[in-house]
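This report describes the structure shown below, beginning with one sheet and proceeding to a single residue and then to the overall fold.

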Amino acid sequence: MTDTAAWRRQVCAHGAALVASRDLAPGELVGGFQGKVSRALGQHTLQMLPGLHVELGHSVGLLAHGCAPNCVLDMHALELLAIRPIRSGERLTIDYAQTEDRLFRQFPCDCGARECRRWISGRREPVNAAGLAYLARLKADRKAWSTR
Ligand SMILES: [Zn+2]
C-alpha cells in the first residue's frame, strides 16, 4: 500500500518532513502504514489503544504536528487521510493530541494556526511544569506588548 501513497519525504531546514506528492481532496487516502506494536511509548510511536503503540518507520513517523492539521490518522485502519484540500508539495500535518493520551515529550508550538495551543501535550495529561512556565511567559510578553 505504501507504494501508492501520496506522500514523499523531503529534507528541509528543520530536518526531514512528509509532504504531499500530489494534490489531495478532503477524505482522500494519503497512505497506509504498518509498524511493530509494543507497550513502549517513543518519540516515533503512535497510540493504537491505551498502552499499545505502533513503532513507525520513515513515513508516518515524520508527520509534523499542526494545531489545525491537514490530515487525520485512522488508528483502526492504520491510514492517513486528508481532511482539507492539500496541494502537491504541502507539508502533511496531524494533531499529535488526536491519537496520544501522553506524549513522549511535550513541546512548544508555533504552527501559525489561529487556534494554535502554543504548548502541545497529550489529550489525557496535564501541561507539565515547563509548559506552564512557557505559557505564563507568553502571556506576560503579550501583556507587555499590548500596554505599549
Ligand atoms: Zn500550534
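## The three-stranded sheet

In this predicted model, 3 strands form an open sheet in the order 4-6-5, and their pairing is antiparallel. Strand 4 (36-38) and strand 5 (45-49) are the edge strands, each of them pairing on one side only. From one strand to the next, the twist averages 35°.

The antiparallel pairing of strand 4 with strand 6 (residues 52-55) extends over 3 bridges. Valine 37 has valine 54, in strand 6, standing opposite.

## The environment of tryptophan 7

Tryptophan 7 belongs to strand 1, which covers residues 7-12. This residue counts as buried because 24 other C-beta atoms lie within 10 Å, where the criterion for burial is 20 or more.

Apart from neighbours within four places in sequence, the contacts of tryptophan 7 are Leu18, Val19, Ala20, Ser21, Val30, Gly31, Ser59 and Leu92. Leucine 18 is 11 residues from tryptophan 7 in sequence, and the C-alpha to C-alpha separation of the two is 6.3 Å.

## Overall organisation

The secondary structure of the protein consists of 2 helices and 12 strands. Along the sequence these elements follow the pattern β-β-β-β-β-β-β-β-β-β-α-β-β-α.

Taken along the principal axes, the box filled by the C-alpha atoms is roughly 55 × 35 × 25 Å. The protein has 148 residues, of which 21% are buried. Among contacts with a separation of 6 or more, 53% involve residues 24 or more positions apart.

Definitions and conventions. Residues numbered from 1 in each chain as written. Predicted model: local features only at pLDDT ≥ 70, side-chain atom pairs only at ≥ 80, totals over all residues. Pairing = 2+ DSSP bridges. Helix = DSSP H or I, 4+ residues; strand = E, 2+ residues; numbered from the N terminus. Axes fitted to C-alpha atoms, helices over the stretch in contact; angles between N-to-C directions. Buried ≥ 20, exposed ≤ 12 C-beta atoms within 10 Å, placed from the backbone. Contact = placed C-beta atoms within 7 Å.
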